[in-house]
Amino acid sequence: MVEARAPSNLHNSWPRPYAPDYDGLRDARDEVFADMSEALHIPVTSHHRIEADGVQVFYREAGPANAPVILLLHGFPTSSFQYRELIPRLADRYRVIAPDLPGFGFTEVPDERGYIYTFDALARTLLAFTEVLELTRYALYVFDYGAPTGFRLALAAPERVTAIVSQNGNAYEEGLGDAWHPIQRYWREPNLENRNAIRAGLTLEGMRHEYSVGITNPDLIKPEGYTLDAALLARPGNIDIQLDLFLDYANNVKLYPKFHEYFRRAKPPLLAVWGKFDPYFIPAGAEAFRKDIAHATVKFLPTGHFALETHLEEVVSAMREFLGDNGLS
């Protein structure tokens, strides 16, 4: 038998180690995705930071610079990340802007700013943000904490608000569900025991639970949202920021009559698109808008607090119809 032997110079014929051009690969990848987005007409979302009110505000933006503006305001415990799929579905026709409120997401508040976390402060920062971006006309999309923050914007500059979409964004006492009882107890007795009772739920498991309440099939909930929320909550000092805002929420309730006065006076076009199984902001809160804005449109969806996680397309359809009917297209 003849033994097969590799040529002694075989190693010289092997390809030399490949050193990839990572910058070139990234550029090529970005060009391919840009071409795909253009071919499929998918608006590209960009990410920015801008200083406003001494705060580095992080925000997402997509859509034509000269298009009607929609300002998306998130709630607890979320950030602009909750609008990651909504933004491109509106940006073909609208300039869509979604900031992270102070204390949330990737907005950075310098320690030397001495920021006091109240809803009045969040609104002041957001008002400064709109002025830096020179946003003189915009529709508001408000969810959860975004509602008392956005309605303060409307009080401060009512002439700027072209329409309001409230997705489980409450402005009426009858809209507060039983799930508020521990927080209302904290309002009445702001002691350490009641504060720590709320603190105990601000965990990954707690966030997972909040997202799934009222959802018939929790498997529909993508884990990215509540996992990011929990990770950001776990940053040093952030849970105490959230507990301060829970306490200050009582001042939103005190301000409800001012919001109602604005609704009656300005009569903004308003769409309340509501997860009807939300334990925090119950359907009565959506219906109550009609007391002050008779022409308000109210739509209920068979889901919970985080309606975009399960009924994104229904929300998009309702918004596009509503905004188009009110000349915002």
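## Cavities, pockets and sheet: close-up views

**View A. Residues around the largest cavity.** The lining of the largest cavity consists of four nonpolar, five polar and two charged residues; Ala, Val, Leu, Ile, Met, Phe, Trp, Tyr, Cys and Pro are classed as nonpolar, Asp, Glu, Lys and Arg as charged, and the others, Gly among them, as polar. The model is predicted: local features need pLDDT of at least 70 and side-chain atom pairs pLDDT 80 or more, whereas totals for chains, interfaces and linings use all residues. Residues are numbered from 1 along each chain as its sequence is written, and side-chain values use heavy atoms, without hydrogens or water. The largest cavity has a volume of about 40 Å³. On a 1 Å grid over the protein atoms alone, a cavity is a set of points where a 1.4 Å probe fits but cannot get out, and lining residues have an atom within 4 Å of a point. One part of this lining is formed by Pro77, Thr78, Gly103, Phe104 and Gly105. The lining also includes Asp229, Leu232, Leu233, Arg235, Asn238 and Gln242. Helix α8 (223-233) supplies the largest share, three residues, and α9 likewise supplies at least two.

**View B. The second largest cavity beside helix α3.** Two cavities of 30 Å³ or more are present in the structure, and the second largest holds about 30 Å³ of space. Its lining comprises Val57, Asp100, Leu101, Pro102, Leu122, Thr125, Leu126 and Phe129. Helix α3 (residues 119-132) contributes the most to this lining, with four residues. By class, six of the lining residues are nonpolar, one is polar and one is charged.

**View C. The largest pocket and the helices that line it.** The volume of the largest pocket is about 370 Å³; volumes here are the space filled by probe spheres set on grid points joined across faces, edges and corners. A pocket is an open set of points with protein on both sides within 12 Å along at least five of seven lines. Twenty-one residues line the largest pocket, and those closest to its centre are Phe76, Ile183, Glu210, Phe246 and Tyr280. Two or more residues of the lining come from each of α5 (181-188), α6 (192-199), α7 (204-212) and α9 (238-266). The most, three residues, come from α7. In the lining of the largest pocket, 16 residues are nonpolar, three are polar and two are charged.

**View D. The second largest pocket.** The second largest pocket contains about 160 Å³ of space. Gly103, Thr107, Glu108, Val109 and Tyr117 belong to its lining, together with Arg235, Pro236, Gly237, Asn238 and Ile241. The lining is made up of four nonpolar, four polar and two charged residues. Gly103, Arg235 and Asn238 appear in this lining and also in that of the largest cavity.

**View E. The open sheet of eight strands.** The protein has eleven helices and eight strands, taken as DSSP runs of H or I over at least four residues and of E over at least two, numbered from the N terminus. The strands form an open sheet in the order β1-β2-β4-β3-β5-β6-β7-β8, with mixed pairing. Strands β1 (46-52) and β8 (297-301) are the edges, each having a single partner strand, so one side of each lacks a neighbour in the sheet. Pairing requires at least two DSSP bridges between two strands. Strands β6 (residues 161-166) and β7 (residues 270-275) run parallel and are joined by three bridges, with Ile164 opposite Leu270 in β7.

**View F. Strand β2 between its two partners.** Seven of the eight residues of β2 (residues 55-62) are buried, that is, under 20% relative accessible area with a 1.4 Å probe and protein chains only. In the protein, 50% of the 329 residues are buried. Strands β1 and β2 pair in the antiparallel sense over seven bridges, and Ile50 has Val57 in β2 as its bridge partner. Val57 is also one of the residues lining the second largest cavity. The hairpin of β1 and β2 has two residues between the strands, and Asp53 in this hairpin adopts a positive phi near 60 degrees. Strand β2 is also antiparallel to β4 (residues 95-99), to which four bridges join it. Glu61 stands opposite Ile97 in β4.
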